[in-house]
Amino acid sequence: MPRTLKAEEMTPAEFRAAMEEKPIVILATGILEWHGDHLPLGTDALKMRAIAERLADRTGAILLPQQWFGVVGFDEMLGTITFSKDLVKRILAEFFENLEKMGARLIVLLTGQVQLTADAWARIWFGVTTTSAAFIVPGRSETRKIFTA
């Protein structure tokens, strides 16, 4: 099996070559969030990272580092860190714009926040000029491919 192309472990030359060969990147997100006293705070994000790694292995896409931000959560519970929707929207928009400048033509976003449907993520992304983005919410049927250019 080919090695996973982890962006954080690549040199600039390796990243450029991988992007030229297959301009697809995978981004897994999730927040630190209370899930009960029996589960780790990173449950959602850890699941998404595992799925993202398998997807990258099978497709040869570039795997971006795990991102720990989101907009929902049990924010009154110990260990939960959540952000405003406006902040997350700005972060994701700039993230996608930077990836587009690097040559990405398909960005696959995996979110552990199952409360957010693919349509909700699409609304967050509306107006971003990236050629194509796939919003995937595992366990839901709302997976959408959104073309904005």
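A residue counts as buried here when its relative accessible area is under 20%, and as exposed when that value is over 50%. With that in hand, let us walk through this predicted model, beginning with strand β4.

**Strand β4 and its partner**

Six of the six residues of β4 (106-111) are buried, so by that cut-off each has a relative accessible area under 20%. Leu-106, Val-108 and Leu-110 point one way from the strand, while Ile-107, Leu-109 and Thr-111 point the other way. In a regular strand, side chains alternate between the two faces of the sheet. Both of these sets in β4 are buried.

Which way do β2 and β4 run, parallel or antiparallel? The two strands run parallel, and six bridges join them. Within this pairing, Ile-24 stands opposite Leu-106 of β4.

**Helix α1: two sides**

Helix α1 covers residues 12-21, and its buried residues are Phe-15, Ala-18 and Met-19. Seen down the helix axis, these buried residues fall within an arc of 100 degrees, so they line one face of α1. An α-helix has 3.6 residues a turn, so residues three or four places apart point the same way. On the other side of α1, Glu-20 and Glu-21 are exposed.

What do the buried residues of α1 pack against? Their partners are three strands: β1 (5-6), β2 (24-29) and β3 (62-63).

**A loop that meets the end of α1**

Gly-103 sits in the loop between α3 (85-101) and β4. Setting aside neighbours within four places in sequence, Gly-103 is in contact with Met-19 and Pro-23; Met-19 is one of the buried residues of α1. The C-alpha atoms of Gly-103 and Glu-20 are separated by 7.5 Å, although the two residues are 83 residues apart along the chain.

**The chain as a whole**

Stepping back, the chain has four helices and six strands, and along the sequence they follow the pattern β-α-β-α-β-α-β-α-β-β. Some overall values are gathered here.

| Property of the chain | Value |
|---|---|
| Buried share of the 149 residues | 43% |
| Share of contacts (residues at least 6 apart in sequence) that join residues at least 24 apart | 65% |
| Accessible surface | about 8100 Å² |
| Part of the accessible surface belonging to carbon and sulfur atoms | 58% |

To return to the starting point, β4 is mostly covered, and its parallel partner β2 is also among the strands that the buried residues of α1 pack against.

Terms used: Residues are numbered from 1 along each chain as its sequence is written. This is a predicted model: local features need pLDDT of at least 70, side-chain atom pairs count only at pLDDT 80 or more; totals for chains, interfaces and linings use all residues. Side-chain values use heavy atoms; hydrogens and water are left out. Buried means under 20% relative accessible area, exposed over 50%, partly exposed in between (1.4 Å probe, protein chains only). The arc is that of the directions from the helix axis to the C-beta atoms. Contact means heavy atoms within 4.5 Å. Two strands pair if DSSP finds at least two bridges between them. Accessible areas come from the Shrake-Rupley method with a 1.4 Å probe; for residues, only the protein chains shown count as cover.
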